[in-house]
Amino acid sequence: MSFSGSDDEFDDESKPLGSYEGARNDAGERHGPGKAVLPNGDIYEGLYENGKRHGQGTYLFKNGAKYVGEYQQNMRHGQGTFYYPDGSKYEGSWVDSQRQGHGVYRYPNGDTYEGEWENHMRHGQGVYRYHDTGSVYKGSWEENRMAGEGQYIHLNHRFQGHFDNNKPSGAGKYVFDHGCEQHGEFHQTLQQVQPEGEMSELAPMLTVKWIPKNITGLEDSK
């Protein structure tokens, strides 16, 4: 989900539009608990400090999104929950209005990701659970993509190895529940394919191929 919220675009609270009810400091700045209706129709209710959203608060976006959590100097910062218009939800750490640190994202299709984030993207160690298939990926992420060491866990087997660009790459092994392992490696190939339409340009497509090497029992591989 790319929506990040637009509350930081309407921070000039000296504009004559909008309204505010709440506490102020000696300088006349919003300070303490208060409620503001912004010029674009968004609503913030929570704590202020020296004219800026700071502390616990709730921000309601006119498009139906909502953020409940901590602010620091007008930015979502600390622990908070963001409810997105498409029904997805993020609960976790924020830094400068970006998903960053540890958090849980629940997607509209029922998938979930729990792990590390950086600059709004899955980055670091995390677990992605696929709702429709029950499969699980546990491992390393880089900028929203599976990258590095990880394992793909399915109903009766799992793959352990290296991933690159969301696909397995290089040496790895399949571990089956009935008691054996198949070792081998994945080869990635970038191919040019012709999309539908006579005037369409060739488009790159990444394909992977599994090259088996040998099979061992679980006891043999220890």
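Tyr-84 is buried in this predicted model, with a relative accessible area of 4%. The ring of Tyr-84 pairs with that of Phe-82 in a stacked arrangement, the centres lying 4.5 Å apart and the planes meeting at 25 degrees. Phe-82 has a relative accessibility of 0% and therefore also counts as buried, the cut-off being under 20%. A second aromatic pair, formed by Tyr-137 and Tyr-152, is edge-to-face, with 5.9 Å from centre to centre and 70 degrees between the planes. Because Tyr-137 belongs to strand β11 and Tyr-152 to strand β12, this pair ties together parts that are 15 residues apart in sequence. Tyr-137 and Tyr-152 are both buried. These two pairs are among the 35 aromatic pairs that a search of the whole structure finds.

Phe-82 comes up again in the nonpolar interior. The largest nonpolar core comprises 28 residues, and Phe-82 is listed with Tyr-59 and Phe-159 as having the most contacts inside it. Two or more residues of this core come from each of the strands β3 (43-49), β5 (66-72), β7 (89-95), β9 (112-118), β11, β12 (145-153) and β13 (157-164). As a general point, nonpolar side chains tend to be buried together in soluble globular proteins.

A polar site can be described alongside these rings. Ser-135 sits in the loop that runs between β10 (121-129) and β11 (136-142). With a relative accessibility of 9%, Ser-135 falls under the 20% cut-off and so counts as buried. The side chain of Ser-135 makes a polar contact of 2.9 Å with the side chain of His-154. Beyond its neighbours within four places in sequence, Ser-135 touches Tyr-128, Arg-129, Tyr-130, Tyr-152, Ile-153 and His-154. Tyr-152, one of these contacts, is also the partner of Tyr-137 in the edge-to-face pair.

Turning to the chain as a whole, the model contains 16 strands and 0 helices. Of its 222 residues, 34% are buried. The accessible surface comes to about 12700 Å², and carbon and sulfur atoms account for 48% of this area. Among contacts with a separation of 6 or more, 18% join residues that are 24 or more positions apart.

Confidence is worth a look before any of this is used further. The average pLDDT of the chain is 88, and 84% of the residues score at least 70. Over residues 1-16, pLDDT stays under 50, and for this stretch the model has 41 contacts beyond four places in sequence.

Technical notes. Residues numbered from 1 in each chain as written. Predicted model: local features only at pLDDT ≥ 70, side-chain atom pairs only at ≥ 80, totals over all residues. Heavy atoms only, no water. Helix = DSSP H or I, 4+ residues; strand = E, 2+ residues; numbered from the N terminus. Buried < 20%, exposed > 50% of the residue type's maximum accessible area, 1.4 Å probe, protein only. Contact = heavy atoms within 4.5 Å. Areas by Shrake-Rupley, 256 points an atom, 1.4 Å probe, with all protein chains shown as cover. pLDDT = per-residue confidence, 0-100. Polar contact = N/O pair within 3.5 Å; in protein donor to acceptor, adjacent residues only side chain to side chain. Core = buried A, V, L, I, M, F, W, Y, C linked by side-chain atoms within 4.5 Å. Phe/Tyr/Trp six-rings, centres within 6.5 Å; stacked < 30°, edge-to-face > 60°.
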